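Visitor: I would like to go through this model with attention to the criteria behind each statement. Could you show it to me before we begin?

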Amino acid sequence: MAVHAHPDDESSKGAATMAKYVAEGVDVLVVTCTGGERGSILNPKLQGDTYIEEHIHEVRKKEMDEAREILGVKQEWLGFVDSGLPEGDPLPPLPEGCFALEDEEKAAGELVRKIRSFRPQVITTYDENGGYPHPDHIMTHKISMIAFEAAADTEKYPESEYGPAFQPQKLYYNQGFNRPRTQALHDAMIARGMESPYEEWLKRWDEFERVERVLTTHIPCAEYYEIRDKALLAHATQIDPDGGWFRVPMDIQKEVWPTEEYELAKSLVDSSIPEDDLFAGIRDNA
């Protein structure tokens with residue numbers, strides 16, 4: 001189960017990993033917490049389109065449907081309303097009724113329902129910083145951590161209301177946007193006499209003084225990068241096809257960095273670190 005904040009997050013974070021496991025016969029469910037109703041139209045070719053602006057929720061749902069088919073995953077909505085990304089100094093208050101203002105225990109209960117129904121051995125989500133500090137990403141982290149533990153807690157979430165108890169065995173943080181990967185692709189582009197799209201990213205990395213995460217798990221999935229990119233492009237309102245996502249040639253990506261990275265946050269099984277499989281320690285005990 002991959003728990004994400006908005007439609008398009010599943011295609012930009014761990015998509016090749018999911019496509020790999022689907023190809024291997026693994027049952028994969030994406031849980032999308034919000035409908036992305038307050039997301040900006042980031043593709044300059046679609047900006048100013050009145051229909052899209054007035055029907056963004058429906059448009060993003062259709063984009064999610066297309067991406068789901070491309071990746072071969074199942075997908076369900078948690079049903080919360082996008083909080084938007086507050087901007088300004090000072091930051092404006094979050095809109096009433098949005099996901100980030102929901103009661104954490106109550107919101108986690110909705111995810112508990114999904115966990116108990118789908119019964120995943122492995123869950124992927126975001127770290128405590130949300131991957132980046134969007135309020136919906138941070139809230140996604142919070143409810144994922146609560147639900148991982150509480151899915152087996154029948155006192156907190158009674159089976160009569162939330163379904164039969166179930167305990168997932170591992171929980172990971174998506175860490176695909178990591179410094180080693182970014183640096184390696186940057187260096188590869190420069191070495192080939194090409195302009196790198198990551199120069200500003202690396203400068204900002206230093207400016208923000210981001211704490212480096214422990215990358216425990218590297219999933220080989222380069223053969224699924226094309227599927228990842230196709231799914232990402234399905235989210236046309238969010239992705240500029242001529243933007244930085246696609247400026248590193250595919251052959252360089254596959255050669256220089258053929259994996260997607262995760263941080264093992266919780267585990268009820270033993271496995272050796274580093275891992276190359278999200279099911280390490282589970283397959284052996286199946």
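Guide: A salt bridge is counted here when a side-chain nitrogen of Lys or Arg lies within 4 Å of a carboxyl oxygen of Asp or Glu. This is a predicted model, in which local features need pLDDT of at least 70 and side-chain atom pairs count only at pLDDT 80 or more, while totals for chains, interfaces and linings use all residues. Residues are numbered from 1 along each chain as its sequence is written, and side-chain values use heavy atoms, with hydrogens and water left out.

Visitor: With which residue does Arg113 form a salt bridge?
Guide: Side chains of opposite charge can pair when their charged atoms come close. Arg113 lies in helix 5 (residues 104-118), and its partner is in that helix too, three residues away, about one turn of the helix; helices (H or I, at least four residues) and strands (E, at least two) are DSSP runs, numbered from the N terminus. Arg113 is partly exposed at a relative accessible area of 27%, where buried means under 20%, exposed over 50% and partly exposed in between (1.4 Å probe, protein chains only). The closest N and O atoms are 3.3 Å apart, and the partner is Glu110.

Visitor: How many residues apart are Glu149 and Lys266?
Guide: The side chains of Glu149 and Lys266 meet in a salt bridge with an N to O distance of 3.0 Å. The pair links distant parts of the chain, since Glu149 belongs to helix 6 (residues 135-150) and Lys266 to strand 7 (residues 259-267). Glu149 is partly exposed at 42%, as is Lys266 at 26%. Their separation along the chain is 117 residues.

Visitor: Which residue meets Glu226 in a salt bridge?
Guide: The N to O distance for this bridge of Glu226 is 2.8 Å. It connects helix 10 (residues 225-234), which holds Glu226, to helix 11 (residues 250-256), the two residues being 28 apart. Glu226 is partly exposed, with a relative accessible area of 39%, and the residue that meets Glu226 is Lys254.

Visitor: Is the pair formed by Tyr21 and Phe279 stacked or edge-to-face?
Guide: Rings of Phe, Tyr and Trp (its six-membered ring) pair if their centres lie within 6.5 Å; planes under 30 degrees apart count as stacked, over 60 as edge-to-face and the rest as tilted. For Tyr21 and Phe279 the centres are 5.3 Å apart and the planes meet at 80°. Tyr21 is buried at 4% relative accessible area, and Phe279 is buried at 11%. By the angle between its planes, the pair is edge-to-face.

Visitor: Which residues do ring pairs link into a cluster with Tyr198?
Guide: Tyr198 is buried, with a relative accessible area of 6%, whereas Trp201 counts as partly exposed at 30%. The ring pairs of the cluster link Tyr198 with Phe177, Trp201 and Trp245.

Visitor: Over the face of which residue does Arg228 lie?
Guide: A charge sits over a ring if NZ of Lys or CZ of Arg is within 6 Å of the ring centre and within 35 degrees of the ring normal. Arg228 is one of the buried residues of helix 10, and it lies at 4.3 Å from the ring centre of Tyr225.

Visitor: What is the largest C-alpha distance among the residues that UniProt lists for "binding site"?
Guide: The unreviewed UniProt entry lists His6, Asp9 and His137 under that heading; its positions are given in the numbering used here, feature names are shortened, and annotations may be inferred rather than shown by experiment. Although spread over 132 residues of sequence, the three cluster in space, with a largest C-alpha distance of 9.7 Å.

Visitor: The backbone oxygen of which residue lies 3.1 Å from a polar atom of the side chain of His137?
Guide: His137 is found in helix 6 and counts as buried at 0% relative accessibility. Leaving out residues up to four places away in sequence, His137 touches Ala5, His6, Asp9, Lys13, Tyr126, Gly130 and Tyr132, contact meaning heavy atoms within 4.5 Å. The backbone oxygen at 3.1 Å from that side chain belongs to Gly130.

Definitions and conventions: A polar contact is a pair of N or O atoms within 3.5 Å; within protein, one must be able to donate a hydrogen and the other to accept it, and residues adjacent in sequence count only if both atoms are side-chain atoms.
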